[in-house]
Each structure stands twice: as C-alpha cells, then as structure tokens.
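Please walk through this structure with me, starting from one polar contact and working towards the nonpolar core. What follows is an explanation to read beside the sequence and the coordinates.

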Amino acid sequence: MERNEILSQLSEIFNDVLDLEDIGLTDSTSADDIEEWDSLSHIQLIVATEKHFGVKFTSLEIMKWNNVGEMVDSIMKKI
C-alpha cells in the first residue's frame, strides 16, 4: 500500500471519528491543527486506525508521533 493511499484512508477515519466533512490530512497535520482532535478523540482515532489497518501500535510508538506523517510511517512498517 502506498503512502498517499494510507493518508487517504486515514482522512476517512479522521472524518468519521471527529465527525467532520473533509479534513484533508497531510503528513504535517497535528492535533494543534484540528480543534476536535483532543485526548479522548486521539484514543478513538488510534483504535479506529488499528482496526481498519489490522495493526497494533505500542504505547511508545504512539507517544513519539508528532504528526500524521509519523502515524503513516508506523502503519507502513506494519502492513
């Protein structure tokens, strides 16, 4: 699976979890850029992403993420 395909699927997950129309995620998107992305929704996003891609993230991986691009990197390593 290519990076842009993962990013596109993540955008759909984020739109669904955060109840938004079209987030338009980029590699540099972070929680600071999206008002609805708080600590609770962060957990929901991780669970939905793990379920969608059939992967499991470690707590250490999650804590190291600073933006969506780093999340995509983790997904690419696991699939």
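A polar atom of the S41 side chain lies 3.0 Å from the backbone oxygen of E36. The model is a predicted one, and the distances and angles below are computed from it. S41 is found in helix α2. Its relative accessibility is 5%, so S41 counts as buried, the cut-off being under 20%. Apart from neighbours within four places in sequence, S41 is in contact with V17, L18 and E36.

Helix α2 itself comes next. Its 15 residues reach 21 Å from the first C-alpha to the last, close to the 21 Å expected at 1.5 Å a residue. At the start of α2, the backbone nitrogen of L40 has a side-chain oxygen of D38 within 3.3 Å. Just after the helix, G54 takes a positive phi of about 65°. Between these two points, the buried residues of α2 are S41, L45, I46, T49, E50 and F53. An α-helix has 3.6 residues a turn, so residues three or four places apart point the same way. What covers the buried residues of α2 includes α1, α3 and α4.

Helix α4 can be read in a similar manner. At its start, a side-chain oxygen of N67 comes to within 3.1 Å of the backbone nitrogen of G69. The buried residues in α4 are V68, G69, M71, V72, S74 and I75. Their cover includes α1, α2 and α3.

Where do the residues with the most contacts inside the largest nonpolar core sit in the sequence? They are L10, F14, L25 and V68, in a core of 20 residues. Helices α1 (3-18), α2 (39-53) and α4 (68-78) each supply at least two residues of this core. The largest share, 6 residues, comes from α1. In soluble globular proteins, nonpolar side chains tend to be buried together. L10 shows which parts of the chain meet here: leaving aside its neighbours within four places in sequence, L10 is in contact with L25, T49, F53, V68, M71, V72 and I75. Of these contacts, T49 and F53 are among the buried residues of α2, while V68, M71, V72 and I75 are among those of α4.

The aromatic rings are the next topic. A search of the whole structure finds 2 aromatic pairs. One is formed by F14 and W37, with 5.1 Å from centre to centre and 85° between the planes, an edge-to-face arrangement. This pair links distant parts of the chain, with F14 in helix α1 and W37 in the loop between α1 and α2, 23 residues apart. Both F14 and W37 are buried.

Why is the pair of F57 and W65 classed as edge-to-face? The ring planes of F57 and W65 stand at 85° and their centres are 4.9 Å apart, so the pair is edge-to-face, the cut-off for that class being over 60 degrees. F57 counts as buried because its relative accessibility is 9%. W65 is also buried, with a relative accessible area of 13%.

F57 leads on to helix α3, where I62 has its place. Not counting residues up to four places away in sequence, I62 touches H42, I46 and F57. I46 is one of the buried residues of α2, and α3 is among the elements that cover them. The C-alpha atoms of I62 and D73 are separated by 11 Å, with the two residues 11 places apart along the chain.

Key: Residues are numbered from 1 along each chain as its sequence is written. This is a predicted model: local features need pLDDT of at least 70, side-chain atom pairs count only at pLDDT 80 or more; totals for chains, interfaces and linings use all residues. Side-chain values use heavy atoms; hydrogens and water are left out. A nonpolar core is a set of buried Ala, Val, Leu, Ile, Met, Phe, Trp, Tyr and Cys residues joined through side-chain atoms within 4.5 Å. Buried means under 20% relative accessible area, exposed over 50%, partly exposed in between (1.4 Å probe, protein chains only). Helices (H or I, at least four residues) and strands (E, at least two) are DSSP runs, numbered from the N terminus. Contact means heavy atoms within 4.5 Å. Rings of Phe, Tyr and Trp (its six-membered ring) pair if their centres lie within 6.5 Å; planes under 30 degrees apart count as stacked, over 60 as edge-to-face and the rest as tilted. The expected span of a helix is 1.5 Å times one less than its number of residues. A polar contact is a pair of N or O atoms within 3.5 Å; within protein, one must be able to donate a hydrogen and the other to accept it, and residues adjacent in sequence count only if both atoms are side-chain atoms.
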